[in-house]
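Here are my notes on the model, set out as numbered points. Please read them with the structure open.

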Amino acid sequence: MSAHLAYVAASYGAALIISAGLIGWVVLDARARRRELKALEDAGIRRRSAGGGAP
Amino acid sequence: MPFRLRVDGLGASRGEDPIFREISLLLEAGGALLVTGRNGTGKSTFLRTLAGLYPADSGTILIEGGTDPTVPVRESLHYLGHRNAMKRDLTVAENLLFWSRFTQATDDVAEPIDATGKTVQALEAVGLGGLGGLPFGYLSAGQQRRAALARLLVAHRPVWLMDEPTAALDTASERMVEALIAGHRATGGIVIAATHQALDVPGAQMLTMAGFAVPA
Amino acid sequence: MSDRSLAIRSFTDLANPTRFVALAGRLLPWLAGLTAVLFAVGLTLCFTTAADYQQGETVRIMYIHVPAAWLSMMGYSVMAASALGTLVWRHPLADVAAKCAAPIGAGFTALALITGSLWGKPMWGTWWVWDARLTSVFILFLMYLGLIALNRAMDDAGRAAKVSAVLILVGFVNIPIIKFSVDWWNTLHQPASVLRLGGSAIDPEFLRPLLVMALAFTCLFFTLHLAAMRTEIWRRRIAAMRRQAARGAASA
Amino acid sequence: MTALFLRDLKLATRAGGGALTGILFFLAVVAVVPFGLGPDLKLLARVGPAMLWIGALLASLLGLERLFQAEREDGALDVMLMQETPLVFTVFIKCLAHWTASGLPLVLVSPLLGLFLNMEPQAIGATMLTLLAGTPAITLIGAMGAAVAVALPRGGLLVSILVLPLVVPVLIFGVSAAYAAVEDPAPFLPPFLILIAITLFFAVIGPAAAAVALRAASE
């Protein structure tokens, strides 16, 4: 029975790693882009269609 | 209703950056338009938008008085781009024969399309009479450009869009291009050419592409 | 005053990226919180229910494997819907949605495959069994990889959006064919005695943790998807500003 | 339209044409198998149909990338886009010409290669028949990949990964039909008819999807 527990633990471990990986990637990516965006805006580059328009 | 090409407020952009805006013009049968402007100001894109190859994001292109209004605009246009649309492995005659049959408008099938006859005439018109049997790859750049010009002759289309027609051509051939344009206009056709060299096209409207310098 | 203008009145309002980013900003904390709660409940349920008499402890792997498999298919359906949005309604954000859903969907598909093989080891003694469903999920994983590679090969976002939308839809239309052919191929070569993944009919006691975990995974998917879309909008905005800066400098 | 068909045929069989490379690659793949699996005739006979199918699949995927790329590079694609005949039909004709030039020869050469793998005549006949029905589907699926390769400058590299999941059903039914003809219990007709159904299905989907991708590429 204990061998089975190892597989169960491995599965939940894999689930944890993949979820953490996805969450980490999204959060870090968002933070990096936000920093770049602020840097560009500080450099005074006004977006032509600041209101909205195509992304 | 005389045959006319009407363009209203035509505009196109690449992604978010505008290339040209609000271009309107009206060309009567036999009319011509010369498009000039510095490199990168959108001359080619303007022609490709007219040809329907590039999506315009504003404005309309209409052909009035055409034989059949339901036919989309691009089917009554010939487009000669920078590239010659010819296969190097096929002979010049084979290339033109193919294009003659392929671009033959379906309604012309009523009278037998004399493809070979048209090919021979077209080759004569561009001064490549004897070279029909040569593979296209053997021709010089100037001859290849003239063969590309012959493609416009093998199948009749009222409007010609020519992008740098005189590229790689010597002065004698330039006169030949001007003669071809005059001939097409004489038969009631319309010619729009984007060019750097001064082409002698009498009575042509001028359009200078200013390009879109974005305010810093 | 500005807050009212940010309110979402109709679906088309979502088309405006700025309003979408604002909405995402407001929604994300709530969604993340809900996901955390659902996972807490789900995980406790997973470990408090009795083991299955036949499969023993390994039935707990099912609580991860089955929701992950559902998620991989849901992810692809989200992408198919976005592809329709790009091609049919020309919705500007549809392409962003499709592009962001791909990596997340692929992540869940990988999870489904890993837990599938971890399930297979104690049951059939081999790490990988060419069982019909596992194989279908594997092919789905290949399709995800193809689309992610395609999205990365795109340099100009707008132009290639239609191309990837077409491929997503073609892939989506082919899923039933692939499913059918894999089942056919599986029954042809596989001796019929292979224990089917689903096992006996799931009695309610196992169903509860399964559903809660499925809900938790779905919430996780949408939280990540929303956040990834917001980041993608920023990325495209940054690219636009950089191009503008370059052009501004050139013409100054 | 026949003009396009004949021109493409001429082009394929001319010097630079892709027809010959397809056959040579197929020959290479099948010739390598005995060296890998060893000269045991019984094993080779059992593996025969599958190897012929895998070889034909890879060989036909090989020549597909250039299907539209050449047209785009010399500007012919622009003229084709401005035609009154719908682009879907033009793409279908090009696929037909490409299949006739490089798919059909694979089918014709498969009996010869079948002998290398010590397959009985009945198995060779069945494999040939299934290849005849299946290779058009591969060309039609590949057309979508080729259209993507034109649309994305770097897209060409990933054509095989995009096309692979779609080609799996064709391979499954092709090989199972080939085996069904040899082993008595398994019926030959069902997998064979499904194979034909898949080919017809892609005859519609393939060109349509490729046309949309090509039009997007011309921008």
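1. Start with the helix α3 of chain D. α3(D) is kinked by about 50 degrees at D:Gly48. The proline D:Pro49 follows shortly after the kink. Bear in mind throughout that this is a predicted model.

2. Despite the kink at D:Gly48, the end-to-end reach of α3(D) is close to expectation. The helix covers residues 41-62, which is 22 residues. From first C-alpha to last it spans 29 Å, against the 32 Å expected at 1.5 Å a residue.

3. Is the kink site buried or exposed? Both D:Gly48 and D:Pro49 are buried. Further along α3(D), the buried residues include D:Met51, D:Leu52, D:Trp53 and D:Leu57. D:Gly55, D:Ala56, D:Ala59, D:Ser60 and D:Leu61 are also among them. The cover over these residues includes four helices of chain D: α2 (19-37), α6 (87-116), α7 (121-151) and α8 (159-182).

4. Now chain B. It has five helices and eight strands. Along the sequence the order is β-β-β-α-β-β-α-α-α-β-α-β-β. Of its 216 residues, 40% count as buried. Take the contacts in chain B between residues at least 6 apart in sequence: 72% of them join residues at least 24 apart.

5. Look next at strand β6 of chain B, residues 159-163. Five of its five residues are buried. B:Val159, B:Leu161 and B:Asp163 lie on one side, B:Trp160 and B:Met162 on the other, and both faces are covered.

6. Which strands pair with β6(B)? One is β5 (residues 77-80), in the parallel sense over four bridges. There B:Tyr79 stands opposite B:Leu161. Another is β7 (residues 190-194), also parallel, over five bridges. In that pairing B:Asp163 has B:Ala194 as its bridge partner.

7. Chain B also holds an open sheet of three strands, in the order β2-β1-β4, with antiparallel pairing. The edges are β2 (17-28) and β4 (58-64), each pairing on one side only. Neighbouring strands of this sheet are turned by 15 degrees against each other on average, direction ignored. Strand β1 (residues 4-14) and β4(B) share six bridges. B:Asp8 is placed opposite B:Thr60 of β4(B).

8. Last, the contact between chains A and C. Chain A gives 30 residues and chain C gives 36. On the chain A side, 19 residues are nonpolar, five polar and six charged.

Notes. Residues numbered from 1 in each chain as written. Chains lettered and ligands numbered in written order. Predicted model: local features only at pLDDT ≥ 70, side-chain atom pairs only at ≥ 80, totals over all residues. Pairing = 2+ DSSP bridges. Helix = DSSP H or I, 4+ residues; strand = E, 2+ residues; numbered from the N terminus. Axes fitted to C-alpha atoms, helices over the stretch in contact; angles between N-to-C directions. Expected span 1.5 Å × (residues − 1). Bend = angle between axes of the 7 residues up to and from the residue. Buried ≥ 20, exposed ≤ 12 C-beta atoms within 10 Å, placed from the backbone. Contact = placed C-beta atoms within 7 Å. Nonpolar A, V, L, I, M, F, W, Y, C, P; charged D, E, K, R; others polar.
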